[in-house]
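Q: I am new to this structure and would like a close look at one part of it, the surroundings of the bound ligand. Please take me through that site step by step, and then through the pockets of the protein.

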Amino acid sequence: MKTYRIAVLPGDGIGPEIMQEAKKVLAVVAERSGVRFVLEEGLVGGAGYDAYGTPLPDEVMKMAAASDAVLLGAVGGPKWEPLDYSLRPERGLLGLRSGLGLFANLRPVVVFDDLIAASPLKPSVVRGIDLLIIRELLGDAYFGKPRGVRGEKGQRVGINTIVYTEAEIRRIAKVAFDIARTRCRKLLSVDKANVLETTELWRDVVTEVGRDYPDVDLQHMYVDNCAMQLIRNPGQFDVIVTTNMFGDILSDEASMLTGSLGMLPSASLGEKVAMYEPSHGSAPDIAGKGIANPLATILSAAMMLRHSFGMADEAAAVEKAVRAVLADGARTEDIRQEGARIVGTIQMGDLVAERVRAFKA
Ligand code: IPM
Ligand code: MG
């Protein structure tokens with residue numbers, strides 16, 4: 001029997017609740033498809049700190065590295081904010097990214113027809129939106145050195161360094177072109193080449209890589225313009241590739257086209273093990289209430305099936321199940337709508353699992 005080992009890292013806040021529902025759906029997929037998923041759980045983020053004094057315990061890092069894929073809930077919360085920077089939950093996430101070499105972060109932004117009213121933008125602007133942000137995940141100011149705050153001539157000075165090597169740009173560009181080839185053969189590279197030398201290099205290298213992909217239409221855009229265009233006319237975009245920092249910001253902005261961050265999955269790919277997680281945070285304000293939306297985590301599990309296990313049909317079944325449940329009028333609080341049936345986290349998971357079970361394998 002085909003067996004996949006999944007490192008399951010629920011994390012903090014609503015993480016454990018939404019992870020439970022993704023596990024429920026994976027169990028149905030296993031039943032249908034005859035594969036075996038071996039789930040190994042680990043504590044990361046604030047939960048890791050509380051249990052082991054570190055947001056990324058060595059054991060968890062080892063387990064993740066030895067797995068076939070990592071499924072993560074969310075990390076962080078006010079409880080851990082007073083901690084030293086090096087011990088905060090977010091360091092656990094960044095440690096996993098760098099430890100696993102996850103340099104390509106895929107953030108699909110899809111507007112579901114049934115949720116169009118949830119978007120703060122006009123239906124005519126967001127209908128049919130299906131774009132993909134590919135964010136470089138290991139470079140830029142996130143990891144650049146020197147960094148820190150130090151005293152200089154009687155005052156504090158904060159320093160971060162934006163740095164990209166040619167090799168780092170080339171490898172993310174290749175991923176982006178390869179993916180663009182499987183979609184509309186259009187790639188937009190976003191930079192700030194009019195001001196930042198690092199992204200002047202970014203633009204040059206992406207253009208060079210593009211010579212190997214004559215069938216893909218490559219365009220460039222400055223990040224400020226892109227931020228504006230995402231609201232004005234998001235339908236013009238298909239695949240966007242950009243730097244770590246710009247990708248962080250643009251993906252949060254783009255998520256609002258869909259109306260709820262609770263719907264967006266993500267995949268982080270590297271050389272070997274990939275990691276899948278919802279794009280949203282740990283939502284400590286609603287943790288434990290049973291009202292969190294598990295769909296982004298369930299859709300992240302679908303991305304895992306597709307990208308890590310080559311189970312495209314099963315991934316499509318999960319995605320189709322999510323659409324069907326929404327079409328039936330079930331909604332969690334965050335996507336509440338006039339006339340819709342409000343369901344809790346567990347019920348939403350049950351509904352999706354039932355649908356997946358009902359589809360023919
Ligand atoms: C994200 C988050 C993280 C990031 C934080 C939690 C470190 O905002 O995944 O977009 O900035 O990368
Ligand atoms: Mg972010």
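A: What follows describes the ligand site and then turns to the largest pocket.

The model is a predicted one, and the distances and areas below are values computed from it. Ligand 1 is surrounded by Glu-90, Arg-97, Arg-107, Arg-135, Tyr-142 and Asp-248. Sorted by class, this shell holds five charged residues and one nonpolar residue, with no polar residue among them; in that count, Tyr belongs to the nonpolar class.

Three of these neighbours can be followed down to single atoms. In Tyr-142, a polar side-chain atom lies 2.5 Å from an oxygen atom of ligand 1. For Arg-107, the distance from a polar side-chain atom to an oxygen atom of the ligand is 2.8 Å, and for Arg-135 an N or O atom of the side chain is likewise 2.8 Å from a ligand oxygen. Taken alone, ligand 1 would expose 320 Å², and the protein buries 74% of that area.

As for the pockets, ligand 1 sits in the second largest one. The largest pocket has a volume of about 490 Å³, and 20 residues line it, of which Pro-108, Val-110, Arg-183, Arg-306 and Glu-319 are the closest to its centre. By class, that lining is made up of twelve nonpolar, six charged and two polar residues. Several elements each supply at least two of the lining residues, namely strands S4 (104-110) and S5 (130-136) together with helices H6 (166-182), H10 (295-307) and H11 (312-327).

Definitions and conventions. Residues are numbered from 1 along each chain as its sequence is written. Chains are lettered from A and ligands numbered from 1 in the order in which they are written. This is a predicted model: local features need pLDDT of at least 70, side-chain atom pairs count only at pLDDT 80 or more; totals for chains, interfaces and linings use all residues. Side-chain values use heavy atoms; hydrogens and water are left out. A residue is near a molecule or strand if one of its heavy atoms lies within 4 Å of it. A polar contact is a pair of N or O atoms within 3.5 Å; within protein, one must be able to donate a hydrogen and the other to accept it, and residues adjacent in sequence count only if both atoms are side-chain atoms. Accessible areas come from the Shrake-Rupley method with a 1.4 Å probe; for residues, only the protein chains shown count as cover. On a 1 Å grid over the protein atoms alone, a cavity is a set of points where a 1.4 Å probe fits but cannot get out, and a pocket is an open set with protein on both sides within 12 Å along at least five of seven lines; lining residues have an atom within 4 Å of a point. A molecule sits in a cavity or pocket if more than half of its atoms lie within 2 Å of its grid points. Grid points are joined across faces, edges and corners, and a volume is the space filled by probe spheres set on the points. Helices (H or I, at least four residues) and strands (E, at least two) are DSSP runs, numbered from the N terminus.
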